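Here are some notes to go with the model, written as numbered points. Keep the structure open and find each part as you read.

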Amino acid sequence: MGIYRKHIFPRVMDWAMHQMDELRPGTLARAHGEVLEIGFGTGLNLPHYPSSVRKLVALDPLDALPARVEGRIARAPFPVERFTLSAEGGLPFEDGRFDCVTMTWTLCSIAQPLPALQEMRRVLRPDGQLLFIEHGLSEDPGVARWQRRLSPLHRRVTCGCNLDRPIDDLLRRAGFVLPEIKRFVLEQGPRIFTATYQGLARP
Ligand SMILES: C[S@@+](CC[C@H](N)C(=O)[O-])C[C@H]1O[C@@H](n2cnc3c(N)ncnc32)[C@H](O)[C@@H]1O
């Protein structure tokens, strides 16, 4: 693994993702029971989970900033089991195991989003919920054009993040229904990054 991916990118990611903390409680407050978090990153969601979470299973192919993350896990009021694993290519869990799956600013980085979402759907209980906040394809055609142009370059410097994923469309194609979805643009930041999708999907 290169120095950039191992040492520099995780620090930049941790700093950048901290700027999103305000949005996290609005989604994570609804988590409960046994939760699978896809794209655990540096554990920034941990303080935002409510006491109704019994256990968190945290999955990410990157073991970013291990010492910092261990400290965050130690402060969590529920057990955290970690898997250094990608969400595509088959999750090692039985059908219908989880009450909730959570995913924040991660679908943009999953190389094959459809098989990964299908796996998330499989491991959710039939009455379970996928709670998500993602950035993706803008509703503004001018911004969307720039997202498509810049995505290949952006992917290279951000270890795989795509700017132009149609999040709602991908969720539906994977078989989820979307009883709740909000689309909005963040006030701060370049418009290619700020088109946001936040909501709840059911399997
Ligand atoms: C922008 S970070 C977001 C981290 C965290 N969810 C947050 O809200 O701070 C995206 C994360 O997705 C992870 N990721 C990339 N590809 C993945 C995959 N195939 N399966 C699961 N996670 C993946 C990355 O390693 C990274 O930790």
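1. Let's start with helix H4, residues 113-123. Its buried residues are Pro-113, Ala-116, Leu-117 and Met-120. If you look down the axis of H4, these buried residues fall within an arc of 95°, so they line one face of the helix. Bear in mind as you look that this is a predicted model.

2. So what covers the buried residues of H4? The cover includes three strands, S1 (33-38), S4 (98-104) and S5 (124-135), along with helix H6 (167-173).

3. Now for how S1 pairs. It runs parallel to strand S2 (residues 53-59), and six bridges join the two. To find a spot to look at, go to Leu-36, which stands opposite Val-57 in S2. S1 also pairs with S4, again in the parallel sense, over four bridges. On that side, Val-35 has Cys-100 in S4 as its bridge partner. A handy rule for looking at strands: side chains in a regular strand alternate between the two faces of the sheet.

4. Next, the nonpolar core. The largest one has 40 residues, and Val-101, Met-120 and Leu-130 touch the most other members. The elements giving two or more residues to this core are S1, S2, S4, H4, S5, H6 and S7. Met-120 is worth a second look, as you already met it among the buried residues of H4.

5. Which residues does Leu-130 touch, not counting residues up to four places away in sequence? They are Val-101, Met-103, Met-120, Leu-124, Phe-176 and Ala-201. Apart from the largest core lies another one, of five residues, among them Leu-137, Val-143, Leu-163 and Ile-192.

6. On to the ligand. It is surrounded by 20 residues, and the closest are Met-17, Gly-39, Gly-41, Ala-87 and Thr-104. Sorted by class, this shell has 10 nonpolar, eight polar and two charged residues.

7. Two backbone angles deserve a check. Most residues other than glycine have a negative phi. Leu-65, though, has a positive phi, near 40°. You'll find Leu-65 in the loop between S2 and helix H3 (66-74). Trp-105 also has a positive phi, near 50°, and sits in the loop between S4 and H4.

8. Are those two residues buried or exposed? Leu-65 has 19 C-beta neighbours inside 10 Å, so it counts as partly exposed. Trp-105 has 22 such neighbours, so it counts as buried. The cut-off for buried is 20 or more.

9. Strand S6 (residues 177-185) is another one to look at. Of its nine residues, the number buried is zero, so S6 lies largely in the open. S6 pairs with S7 in the antiparallel sense, over seven bridges. One place to see this is Phe-184, whose bridge partner in S7 is Thr-196.

10. Last, take Gly-199, which lies in strand S7 (residues 195-202). Why does Gly-199 count as buried? Because 20 other C-beta atoms lie within 10 Å of its own, and 20 or more is what the cut-off asks for. Leaving aside neighbours within four places in sequence, Gly-199 is in contact with Phe-132, Leu-178, Glu-180, Ile-181 and Lys-182. Ala-174 is 25 residues from Gly-199 in sequence, and their C-alpha atoms are 16 Å apart in space.

Notes:
Residues numbered from 1 in each chain as written. Predicted model: local features only at pLDDT ≥ 70, side-chain atom pairs only at ≥ 80, totals over all residues. Buried ≥ 20, exposed ≤ 12 C-beta atoms within 10 Å, placed from the backbone. Arc of directions from axis to C-beta. Contact = placed C-beta atoms within 7 Å. Near = placed C-beta within 6 Å. Nonpolar A, V, L, I, M, F, W, Y, C, P; charged D, E, K, R; others polar. Pairing = 2+ DSSP bridges. Core = buried A, V, L, I, M, F, W, Y, C linked by C-beta atoms within 7 Å.
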